[in-house]
Amino acid sequence: MTQRTLGLIMNGVTGRMGMNQHLIRSVAAIRAQGGVTLSDGSKVQLDPILVGRNAEKISALAKAHGVERWTTDLDAAIADPKNDIFFDSATTQMRPALLEKAIAAGKHVYCEKPIATNLDEALRICRLAEEKGVKNGVVQDKLFLPGLQKLKMLREASFFGRMLSVRGEFGYWVFEGDWGQPAQRPSWNYRAEDGGGIILDMVCHWRYVLDNCFGEVKSVSCLGATHIPERVDEEGRRYRATADDAAYATFELEGGVIAQINMSWTTRVYRDDLVTFQVDGTHGSAVAGLTDCVIQPRVGTPRPVWNPDQKQTIDFYATWQPVPDTIAYENGFKAQWEMFIRHVAEGAPYRYTLREGAKGVQLVECALQSWKERRWVDVPPLPLAAEASRPLAAE
Ligand SMILES: NC(=O)c1ccc[n+]([C@@H]2O[C@H](COP(=O)([O-])OP(=O)(O)OC[C@H]3O[C@@H](n4cnc5c(N)ncnc54)[C@H](O)[C@@H]3O)[C@@H](O)[C@H]2O)c1
């Protein structure tokens, strides 16, 4: 059977996400397995070209992962008809302009979240992609986590009865960088002027997680904070943290479900995982982390009685039951790459479009507005593409 090849421009692969999740865990792994299998049994292989500013760095990265093509000239890569897809995992602030260039050249586009730092730019990119008719997609990796897939299965199996509430705890301590522990996240994350901030970083994830797993988001109340005002960057320089490093949000979802999510880079973990979601329903509850999930049906619910004079006698953890791993879960980034490749190669359905990404940016804006104005903000339906034609500031 004939094998097709798709030329793939990869921008931002020297970064944390680009290198680990997209180049190594996804594209190199797909190449090593001989490509992506299409519905007729044939394979489509990927021919990536890595793009970076530093020739030495990018050529070394290409060599290390068996990639033949690399360049420092993004425009030339976009102009080359050999390349079918443009992928971006570089800085968020540059993303809309780069996507626009690639779309104008007729490339299909796939990118990291958020698709832009503001809704105007996000919608404009959606409209351009839709008008040009190129395939488009955004990373929504959390949906592919085994823990969340288990929650989704429980919901589809009507395990919860009437779902009442969702409580999400996300976070861990990100070192300040000034007392012998270097920071384990890039310093731009803590500078608003560089596209940082935990609300921009995480609320775009929560949008698709809440919409897909628990109910569409209708309204948000959010309080942000910059708990650590100064940090030390990659070069050992002290800088002012101008972006939020924690946020405490409540969401009203379709069906009356109330979701609370705490997100913080300034909290120490005393829970099973870096993110956990507890879902309570009339017929049962579940708690999921990245991979595992435990349940408690209503008939298995213990009967605690409040008595501060007596030491607790119930081992609450022991009253939950694990959801077994009944299928083999793939790396979520790779699974989504394969879906997108099938979408490009044979028009397979694909739901994680730029428009879905724009919904995430919309919720970020609503959350920031809520924080600023100290009030609930309703989340309206996303404007249609034609309505979203306000030009970018640069025009
Ligand atoms: N899906 C997820 O869970 C997830 C997690 C973290 C980050 N992200 C997203 O991935 C993107 C990158 O984040 P990261 O944590 O990998 O950051 P990073 O700082 O590690 O990487 C940034 C990349 O952008 C490149 N870059 C920076 N400034 C540039 C410039 N002026 N010109 C050209 N290239 C430039 C860098 O060389 C590097 O390759 C962000 O948009 C972020 O929101 C997604």
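Which helix contributes the largest share of the shell around the ligand? In this model, which is a predicted one, that helix is α1, residues 16–32, and its share of the shell comes to three residues. The shell as a whole holds 17 residues, and among these G15, R16, M17, A90 and P186 are the ones that come nearest to the ligand. If we sort the surroundings of the ligand by class, we find six charged residues and seven polar ones, together with four that are nonpolar.

Let me step back to the chain as a whole. The protein chain has nine helices and 18 strands, and its C-alpha trace spans about 75 × 55 × 45 Å along the principal axes. For 395 residues one would expect a radius of gyration near 21 Å if the chain formed a compact globule, and the 22 Å found for this protein chain therefore agrees with that expectation. Of those 395 residues, 43% count as buried. As for the contacts, if we take those between residues at least 6 apart in sequence, 69% of them join residues at least 24 apart.

Now to the sheet, which is open and has nine strands with mixed pairing, in the order β17-β16-β15-β14-β8-β13-β12-β9-β18. At its edges stand β17, residues 321–322, and β18, residues 377–378, and because each has a single partner strand, one side of each is left without a neighbour in the sheet.

Further in, strand β8, residues 163–171, shows how the pairing is mixed, since it is joined to β14 by seven bridges in an antiparallel arrangement, while seven bridges also join β8 to β13, with these two strands running parallel. A convenient residue to look at here is G168, which stands opposite F277 in β14 and opposite I261 in β13. Continuing along the sheet, β13, residues 258–264, runs antiparallel to β12, residues 246–253, and seven bridges join the two; one example is A247, whose bridge partner in β13 is M263.

Finally, I would like to place two helices against these strands. Helix α6, residues 146–156, lies across β14, β15 and β16, and runs at about 165 degrees to β15. Helix α9, residues 354–373, lies across β9, β12 and β18, and in its case the angle to β9 is about 55 degrees. With β18, then, we return to an edge of the sheet, where this strand has its single partner.

Notes. Residues numbered from 1 in each chain as written. Predicted model: local features only at pLDDT ≥ 70, side-chain atom pairs only at ≥ 80, totals over all residues. Near = placed C-beta within 6 Å. Helix = DSSP H or I, 4+ residues; strand = E, 2+ residues; numbered from the N terminus. Nonpolar A, V, L, I, M, F, W, Y, C, P; charged D, E, K, R; others polar. Pairing = 2+ DSSP bridges. Contact = placed C-beta atoms within 7 Å. Axes fitted to C-alpha atoms, helices over the stretch in contact; angles between N-to-C directions. Rg over C-alpha atoms; globule rule 2.2 N^0.38 Å. Buried ≥ 20, exposed ≤ 12 C-beta atoms within 10 Å, placed from the backbone.
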